[in-house]
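Welcome, and thanks for taking a look at this one with me. Could you keep the structure open while you read the points below?

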Amino acid sequence: MSKGKLFIISGASGVGKSTVLSCVMAQRSDLRFSVSATTRAPRPGEVDGQSYYFVTKETFLDMIARDEFVEYDAHMDNYYGTPEGQLNEKLETGSVILDIEPNGAFLVRQRRPDATLIFIAPPSMEELQRRLIGRGDTTPEQVKLRQERARWEMEQSAKYDYVVVNDQVEACADKILKIIAEKAD
Ligand code: ADP
Ligand code: 5GP
C-alpha cells in the first residue's frame, strides 16, 4: 500500500487552480504535485518538469503505446495525461495533488476509489471569463474553446466530493487545506 492519499483538483481553465494550488502547497510542504505530460506549448513562466512535462504529440503517443499513463485525455486541441511512474513514486512518500479535468478525474477514481475529488468553481461565469482573458496568455480562439468546455466542466461538478468557490485565493486554499487535513492526517 502506498503511504499517501490522492487529491484531485478540477475546474475550468482560468478559475485559478494553479494560483490556489501554489497557496495550498506553500502551506503544506509534505504535499507533492503530480506532473502531467502535455502536448500544449508552455505558457510564459511554466517550467518543464514542474508545471508539466512538455512533449511532442509523437512522444505522447509513444507513452500511450507503452501504457505509461494512469489516465489521459484529449481536449482543447491537445493531449494531457498523468504518467504513472512519477505518481506512484510520489505516493510512496506522501499525499499527492493532481490538477486534471473531469474525464481523467473519474478514470482515476475508478482505479483509486479512495481518491478525493475537489472541484473549484468560479464566483460567476463572467468572472471566469475575466480571469481567463486577464491572464493574457491565451489566444481568442483558445479562450473560446476553454469557455465552451467550462460549461460542460461545471455540469460535472455534481459528481465531485467537494465543490469550493474561488472567490478569494486564501479563503479557497484554506477550505482545500481543511479537506486535505481531514482525509490525510
Ligand atoms: P487555472 O490554473 O485554473 O487555469 P490560474 O491560476 O492561471 O487558473 O488563474 C487565472 C487568472 O486568474 C490568473 O491571472 C490569476 O492571477 C487570477 N486569479 C486566480 N484566483 C483569483 C481570485 N480568487 N480572484 C481574482 N483573480 C484570481
Ligand atoms: P491548461 O492547458 O489550462 O494547463 O489545462 C487544461 C486542462 O487540462 C485543465 O482542466 C487541467 O486540469 C487539465 N489537465 C492537466 N493535466 C491533465 C492530465 O494529466 N490529465 C487530464 N485528464 N487532464 C489534465
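The points that follow go through the two ligands and then a few single residues.

1. Before anything else, please keep in mind that this is a predicted model. Every point below should be read with that in view.

2. Let us begin with ligand 1. This ligand is surrounded by 14 residues. Gly 14, Lys 17, Ser 18, Thr 19 and Arg 135 are the closest of them. If you would like to find the site on your screen, those five names are a good place to start.

3. Which helices help to build the shell around ligand 1? Both α1, covering 17-27, and α5, covering 125-135, supply at least two residues each. The largest share comes from α1, with 3 residues. By character, the shell around ligand 1 holds 7 polar, 4 charged and 3 nonpolar residues.

4. Now for some individual contacts of ligand 1. One oxygen atom of the ligand has a backbone N or O atom of Lys 17 at 2.8 Å. Ser 18 takes part through its side chain, where a polar atom lies 2.7 Å from an oxygen atom of ligand 1. Asp 167 uses its backbone: a polar atom there is 2.9 Å from a nitrogen atom of the ligand. How much of ligand 1 does the protein bury? Taken alone, the ligand exposes 560 Å², and the protein buries 75% of that.

5. Ligand 2 is the next stop. Around this ligand there are 20 residues, and the ones that come nearest are Ser 36, Arg 40, Tyr 52, Tyr 80 and Glu 101. Sorted by character, the shell around ligand 2 has 9 charged, 7 polar and 4 nonpolar residues.

6. Three side chains are worth picking out at ligand 2. Glu 71 places a side-chain N or O atom 2.8 Å from a nitrogen atom of the ligand. Tyr 80, named above among the nearest residues, has a side-chain N or O atom 2.5 Å from an oxygen atom of ligand 2. Asp 99 has a polar side-chain atom 2.7 Å from an oxygen atom of the ligand. On its own ligand 2 exposes 520 Å², of which the protein buries 97%.

7. Where does ligand 2 sit? The space that ligand 2 takes is the largest pocket. Strands β5 (69-75) and β6 (78-83), together with helix α6 (140-156), are the elements that give two or more residues to its shell. The space taken by ligand 1 is likewise described as the largest pocket.

8. Next, two residues joined to others by side-chain contacts. Ser 34 is found in the loop between β2 (32-33) and β3 (36-38). Is Ser 34 buried or exposed? Ser 34 counts as buried because its relative accessibility is 2%, and the cut-off for buried is under 20%. Its side chain makes a polar contact of 3.0 Å with the side chain of Gln 86.

9. The second of these is Asn 78, which has its place in strand β6. With a relative accessible area of 19%, Asn 78 is buried, as the limit is under 20%. The side chain of Asn 78 makes a polar contact with the side chain of Thr 39, at 3.0 Å.

10. Met 125 lies in helix α5. Its relative accessible area of 32% makes this residue partly exposed. How far apart are Met 125 and Ala 150 in space? They are 8.7 Å apart, C-alpha to C-alpha, with a separation of 25 residues in sequence.

11. Finally, please look at the backbone of two loop residues. Asp 67 is not a glycine, although its phi is positive, at about 60°. This residue has its place in the loop between α2 (57-65) and β5, and Asp 67 is exposed, with a relative accessible area of 62%.

12. Met 76 also has a positive phi, near 50°, in a residue other than glycine. Met 76 is placed in the loop between β5 and β6. Is Met 76 buried or exposed? Its relative accessible area is 15%, so Met 76 is buried.

Conventions:
Residues numbered from 1 in each chain as written. Chains lettered and ligands numbered in written order. Predicted model: local features only at pLDDT ≥ 70, side-chain atom pairs only at ≥ 80, totals over all residues. Heavy atoms only, no water. Near = heavy atom within 4 Å. Polar contact = N/O pair within 3.5 Å; in protein donor to acceptor, adjacent residues only side chain to side chain. Areas by Shrake-Rupley, 256 points an atom, 1.4 Å probe, with all protein chains shown as cover. 1 Å grid on protein atoms, 1.4 Å probe; cavity = no way out; pocket = protein on both sides within 12 Å on 5 of 7 lines; lining within 4 Å. Sits in = over half its atoms within 2 Å of the grid points. Helix = DSSP H or I, 4+ residues; strand = E, 2+ residues; numbered from the N terminus. Nonpolar A, V, L, I, M, F, W, Y, C, P; charged D, E, K, R; others polar. Buried < 20%, exposed > 50% of the residue type's maximum accessible area, 1.4 Å probe, protein only.
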